[in-house]
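Here is a short briefing on one protein model and its ligand. Look over the sequence and the structure before reading on.

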Amino acid sequence: MRRANPGFPTGPAAVLVTTLVLAAAATAVSGLSWWSFGVVLGGQLITLAWLAVAMKATNRDSKNAPLPSRDQTQKRRRLMAQLHDVRDAAGALPDAVVLLDARGNVRWFNAAATRLLGLRERHPEGSLTRRLAGSELGAWLQTDMAEPATDMPAPADPSLRLSVTIMPFGAHLRLLLARDISTLTRLEQVRRDFVANVSHELRTPLTVIHGYLELLDPADVPELAPVLGEMRMQSQRMRQIVEDLLTLSRLETREALPDEEVAMVPLLETLRREAEALSRGRHHITVDASSQARLRGSTHHLHSAFSNLVSNAVRYTPSGGQIVIGWRQTVDGEAVFSVRDSGLGISAEHLVRLTERFYRVSSSRSRESGGTGLGLSIVKHVLNLHQGRLVIESEPGRGSTFSCMLDASRVLPPASDGIGRGESSPA
Ligand code: ADP
């Protein structure tokens with residue numbers, strides 16, 4: 001059996017593969033996204049097409065002419081040397097590159113594809129899906145590949161993690177690119193463990209300190225009363241930060257949340273009562289529910305995410321402002337939970353970064369209002385685990401609307417017994 005040549009094919013294929021490899025190398029070295037690969041690829045294709053034409057012309061010339069001139073021989077040698085250089089570059093490329101034909105058969109692959117995907121022999125008739133059968137990547141190739149394969153085990157070595165992309169190439173070809181992201185994944189895990197461990201370790205001492213501070217009566221030491229008040233407030237803030245960090249850590253390690261039937265109408269009422277308690281009569285708070293639908297998701301986590309948005313609306317809206325808690329469905333059947341306020345608003349440059357941990361528009365304002373800077377990050381994680389998204393519209397001085405968009409597949413009809421609508425159930 002002919003062993004695969006992870007080096008290079010010959011003839012016109014060489015030009016094609018050279019192009020791909022150069023582009024992939026440029027992408028890998030420069031750290032650009034795989035989308036940039038297409039742009040680099042275009043440039044490389046033109047250059048190498050020119051090289052191929054030049055070589056063909058040289059060949060034709062040499063066939064017709066009885067003896068090649070010294071000039072032509074040198075030109076040919078130069079072109080061959082360039083192709084050899086590219087072949088060496090292909091060998092050194094750390095990412096797996098596999099060229100597939102219209103039927104998914106492997107046309108060419110590089111050495112990294114052997115190391116990461118386990119491709120060894122070149123069977124023109126063997127489809128990649130069949131060769132990778134039994135692996136997670138093989139299963140992904142059998143889907144419509146709409147979901148990106150951002151983190152999956154390498155078929156040749158499950159201890160390695162891969163990020164895989166497939167892109168159309170030429171008339172009917174496709175290019176599979178697999179990047180080893182094991183180091184990145186490991187670092188990410190170390191970061192997650194560190195935050196979770198630190199938060200966990202801080203929890204007990206903070207509880208003890210807070211407990212003793214609660215025991216001290218300011219009336220017994222009137223001269224220290226303001227200090228005691230401040231200490232209690234700060235220790236409570238620290239406890240809240242630790243709790244939020246632990247919540248985030250737990251959410252990060254979850255791949256899915258329980259699928260329960262969430263009765264939205266009673267939940268909206270609960271959220272309104274919570275907002276009233278926090279506002280203490282300073283705002284005008286209403287519920288605007290044009291839908292009676294329920295949701296499929298985790299009651300606990302959705303409640304926590306929605307109440308974060310409601311609490312923000314109260315904290316960032318000055319006294320006398322309006323807050324509307326909304327529940328509706330779009331024409332596409334998507335469900336939208338929203339919180340609209342007439343508060344401070346947020347300028348456009350902050351909007352994209354708002355869900356980052358500890359990102360605040362104004363640190364002092366957030367601290368004054370008792371914020372931890374982690375609320376919107378929790379909201380985003382909870383929505384991600386429900387395949388939803390957060391849309392933020394805001395204008396400084398006019399207010400903000402935070403909308404949680406949930407796919408139609410998560411929408412359930414109102415409960416037939418009326419419980420989901422907030423009506424009393426029949427006796
Ligand atoms: P925090 O605990 O600081 O409120 P969040 O993650 O909940 O943290 O929010 C991040 C930042 O977004 C806040 O510090 C605040 O500046 C801004 N923000 C959130 N909600 C609102 C809102 N309804 N109106 C104005 N600004 C808001």
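The points below cover the ligand shell and two helices. This is a predicted model, in which local features need pLDDT of at least 70 and side-chain atom pairs count only at pLDDT 80 or more, while totals for chains, interfaces and linings use all residues. Residues are numbered from 1 along each chain as its sequence is written. Helices (H or I, at least four residues) and strands (E, at least two) are DSSP runs, numbered from the N terminus.

**Ligand shell**
- Of the 20 residues around the ligand, the nearest are Y316, V361, S366, G371 and G375 (a residue is near a molecule if its C-beta atom, placed from the backbone, lies within 6 Å of it).
- Two or more residues of this shell come from each of α10 (299-315) and α13 (375-385).
- Helix α13 gives the largest share, three residues.

**Helix α9**
- Helix α9 covers residues 264-279, 16 in total, and reaches 22 Å from first C-alpha to last, close to the 22 Å expected at 1.5 Å a residue (1.5 Å times one less than the number of residues).
- Its buried residues are M264, V265, L267, L268, L271, A275 and S279 (buried means 20 or more other C-beta atoms within 10 Å of a residue's own, exposed 12 or fewer, partly exposed in between; C-beta atoms are placed from the backbone).
- Seen down the axis of α9, these buried residues fall within an arc of 155°, so they line one face (the arc is that of the directions from the helix axis to the C-beta atoms).
- The face turned away from the buried side of α9 carries exposed R273 and A277.
- Just after α9, R280 has a positive phi of about 50°.

**Helix α8**
- In α8 (residues 225-253), D244, L245 and L248 are the buried residues.
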